[in-house]
Amino acid sequence: LAFAKETMLWASPANAGAQVLAEEIADAVAGLTISTADARPATVTHMLLYLNEDSFSDARLAEQVKQARQDKLKIVMAHENDPDRGGCLFSRFFEVTPQERAGVGS
């Protein structure tokens, strides 16, 4: 597998386990570079949102996802199913994902 053009995947340190998955993907796909910087690099083309039992345990992740959505950055979501790697039922994310409040700050 290879990307036709340069692709940079951002795996935020606020997203538990994302760096390991990003490295596994980069090893398997030619033309992919990864960034694990605290702040999203200006040259990033995609954000990795790794969904596992620890997702959103760091409040920064919700803000980073919100900003990525506002900036129309492509978000690649990966749901972990393996319990040995922090996998959980997808329904968990309906409980732990921070909700945006309409009208707040308007």
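**Close-up views of a four-stranded parallel sheet and its helices**

**View 1. The open sheet and its strand order.** Four strands form an open sheet in the order β2-β1-β3-β4, and their pairing is parallel. The edges are taken by β2 (30-35) and β4, each of which pairs on one side only. Averaged over the sheet and with direction ignored, neighbouring strands are turned by 30 degrees against each other. The model shown here and in the other views is predicted.

**View 2. Pairing of β3 with β4.** The parallel pairing of β3 and β4 runs over 6 bridges. One position to locate is Y50, whose bridge partner in β4 is A78. In general, the strands of a sheet pair through backbone hydrogen bonds, in either a parallel or an antiparallel sense.

**View 3. Helices packed on the sheet.** Two helices are seen against the strands described above, β3 and β4 again being parallel partners over 6 bridges. Helix α1 (residues 18-28) packs on the sheet and touches β1, β2, β3 and β4. The direction of α1 makes about 160 degrees with that of β2. Helix α2 also packs on the sheet, where α2 touches β1, β3 and β4. Between the directions of α2 and β3 the angle is about 140 degrees.

**View 4. The two sides of helix α2.** The buried residues of α2 are L61, A62, Q64, V65 and A68. They lie on the same side of α2, because the arc they cover around the axis is only 165 degrees. A59 and E63, on the other side of α2, are exposed. Cover for the buried residues includes β1 (2-10), β3 (46-51) and β4 (74-79).

**View 5. Length and end of helix α2.** Helix α2 comprises 12 residues (residues 59-70), so at 1.5 Å a residue the expected span is 16 Å. The C-alpha atoms at its ends are 17 Å apart, which agrees with that expectation. Just after α2, K72 has a positive phi of about 60 degrees.

**View 6. The whole chain, for orientation.** The chain holds 3 helices and 4 strands, arranged from the N terminus as β-α-β-β-α-β-α. Of its 106 residues, 34% are buried. Contacts between residues at least 6 apart in sequence join residues at least 24 apart in 77% of cases. The accessible surface comes to about 6,900 Å², and carbon and sulfur atoms account for 53% of that area.

Terms used:
Residues are numbered from 1 along each chain as its sequence is written. This is a predicted model: local features need pLDDT of at least 70, side-chain atom pairs count only at pLDDT 80 or more; totals for chains, interfaces and linings use all residues. Side-chain values use heavy atoms; hydrogens and water are left out. Buried means under 20% relative accessible area, exposed over 50%, partly exposed in between (1.4 Å probe, protein chains only). Contact means heavy atoms within 4.5 Å. Accessible areas come from the Shrake-Rupley method with a 1.4 Å probe; for residues, only the protein chains shown count as cover. The expected span of a helix is 1.5 Å times one less than its number of residues. The arc is that of the directions from the helix axis to the C-beta atoms. Two strands pair if DSSP finds at least two bridges between them. Axes are lines fitted to C-alpha atoms, for helices over the stretch in contact, and angles run from 0 to 180 degrees between N-to-C directions.
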